[in-house]
Amino acid sequence: MTTTLKSIRSLAPLLDRVLVQRTKAEARTAGGIFLPESAVKELNEAQVIAVGPGALDKEGKRMQMGVKAGDKVLIPQYGGSPIKIGDDEYSLFRDADILAKINE
């Protein structure tokens with residue numbers, strides 16, 4: 001049985017999972033030269049779309065998440081669970097797998 005999601009908003013991460021969308025790399029250099037898609041590297045920067053409520057500790061208390069929806073984060077180059085909805089690609093990571101939060 002296959003489930004088709006109509007929107008990424010209908011997906012709610014569980015426990016300490018974080019749903020992110022990778023930031024697309026610029027296809028143009030600072031000098032204005034357009035790069036082919038094969039020459040553009042994937043960035044390790046992503047936008048947090050949704051977060052779960054947090055994992056439970058040994059006493060059963062909910063642990064606070066390190067990020068919230070809307071944050072910019074650094075993620076590992078490999079890993080996470082890929083999710084594709086239409087032409088958009090998303091990834092699910094554990095909160096502990098996120099490398100850093102980008103403060104701008």
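Is Asp-71 buried or exposed, and what is its relative accessible area? Asp-71 is buried, with a relative accessible area of 10%, where buried stands for under 20% relative accessible area, exposed for over 50% and partly exposed for anything in between (1.4 Å probe, protein chains only).

The model is a predicted one, in which local features need pLDDT of at least 70 and side-chain atom pairs count only at pLDDT 80 or more, while totals for chains, interfaces and linings use all residues. Residues are numbered from 1 along each chain as its sequence is written, and side-chain values use heavy atoms, with hydrogens and water left out.

**Salt bridges**

A salt bridge is taken as a side-chain nitrogen of Lys or Arg within 4 Å of a carboxyl oxygen of Asp or Glu, and by this rule the count comes to 5. Among them are these pairs:

| Acidic residue | Basic residue | N to O distance |
|---|---|---|
| Asp-16 | Arg-17 | 3.8 Å |
| Asp-71 | Lys-68 | 3.5 Å |
| Asp-71 | Lys-101 | 3.7 Å |

The pair of Asp-71 and Lys-101 links distant parts of the chain, 30 residues apart, with Asp-71 in the loop between strand E2 (45–51) and strand E3 (72–74) and Lys-101 in strand E6 (residues 100–102); strands are DSSP runs of at least two residues, numbered from the N terminus. Lys-68 is exposed at 52% relative accessibility, whereas Lys-101 is partly exposed at 38%.

Asp-16 is buried at 15%, Arg-17 is partly exposed at 27%, and a network of salt bridges links these two residues with Arg-94.

How values were computed:
Helix = DSSP H or I, 4+ residues; strand = E, 2+ residues; numbered from the N terminus.
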